Amino acid sequence: MLKKKFLFSLSASVFLIVFLLSLSLVKSPIRGQNTLVFPASEIAESNRATASFVKKTASTTSTAFSAAATENARLVNSLGWTFGAKPQRGWQIYVPIIQQTIGTEKSAETPEFAVAVAAWQQKSGLAPTGKLDNETLLKMVAWWQSRRLNSSRYPSDEELVSAPITDFYDQARAPELLKVERETYAAYKKMVAAAAKDLNLKQTPTGELAPEEKFLRIVSAFRSREYQAKLRAASPHSGRAGLAVNSPHFTGQALDIYVGGEPTITKDFNRLQQVQTPAYKWLVKNAERFGFRPYYYEPWHWEYVPKSSENY
Ligand SMILES: [Zn+2]
């Protein structure tokens, strides 16, 4: 009898130890409190960590996040915030890039999405409420912006290549507007080849995009300072991109790529249409593998940020 009792308490202790260990495993993926700069090498790992947090947390506490999910379903279309001086409403346009950042494919109104938001909040030093509120969105925007091309280096002529007109959206584009920084162009071609396969884009027998295929063609690449100055003079009310005195397009490492709708119009309805295309969604998930990072506000604008040029 005593022996039985002893065995029972022994197995109870073993069970307790295993239980405690599994709890510590749930906590372990959450690292780097109060940090905004996540080294690129940590992104995949961070996404895995989020996935594991989500998996472990979702099964036990998704009901606890149903209130956050209800709130997110409201905020996605109504949250008031500003970018620059521009008032913004909701974050529907940014759902694909948010999903990529927090490591979930679930839609904004689901408890699973709220759980993934909570994991990201915890990792970023915010209270893990699961609600994508103003503070969380602004921190996410700051994180996206911190990963952009941090260079205003003007390329020499040798560093630029003239891409064939067949790579461009506008088949009548002027010859001086076909230049791209050499490495950026090579990375772009590799990326488009992979995308064409995954997305079944129309191709020629040699593997180029077919003439009738618009998606992922280059809308705009290198712009010289002279060209930008000419644009400014010709059209002083052409908006921020046209007026830019320090455009990332000066580097030759920024590409505007066709992702649907009107190629480069920032009106919400246009961007909302663009972020729902398979081409845009593919870029959000895959462009980083080829060295390209998004400018979250302009779905068409991608910057080549090779690892060696990162500022951390
Ligand atoms: Zn651009």
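The following exchange examines how several assignments in this predicted model are justified.

Student: What makes β1 and β2 a pair of strands?
Tutor: Pairing requires at least two bridges between two strands. Four bridges join β1 (residues 80–83) to β2 (residues 86–89), so the criterion is met. The two strands run antiparallel, and tryptophan 81 stands opposite glutamine 88 in β2.

Student: Which residue in the hairpin of β1 and β2 takes a positive phi?
Tutor: Glycine 84 does, with a value near 65°; the hairpin has two residues between the strands.

Student: How do you know that the length of helix α5 agrees with its number of residues?
Tutor: At 1.5 Å a residue, the 13 residues of α5 (residues 111–123) should span 18 Å. The end C-alpha atoms of α5 are 18 Å apart, and therefore the two values agree.

Student: Why is α5 called largely enclosed by the rest of the structure?
Tutor: A residue is buried if 20 or more other C-beta atoms lie within 10 Å of its own. By that criterion 12 of the 13 residues of α5 are buried, so the description follows. Among them are Phe113, Trp120 and Lys123. Just after α5, glycine 125 takes a positive phi of about 80°.

Student: What makes β5 and β7 the edge strands of their sheet?
Tutor: The open sheet has the order β5-β6-β8-β7, with antiparallel pairing. Strands β5 (218–220) and β7 (292–294) each pair on one side only. Neighbouring strands of this sheet are turned by 45° against each other on average, direction ignored.

Student: How do you know that β7 pairs with β8?
Tutor: Three bridges join β7 to β8 (residues 301–304), and at least two are needed, so the strands pair. Proline 294 stands opposite tryptophan 302 in β8.

Conventions: Residues numbered from 1 in each chain as written. Predicted model: local features only at pLDDT ≥ 70, side-chain atom pairs only at ≥ 80, totals over all residues. Expected span 1.5 Å × (residues − 1). Axes fitted to C-alpha atoms, helices over the stretch in contact; angles between N-to-C directions.
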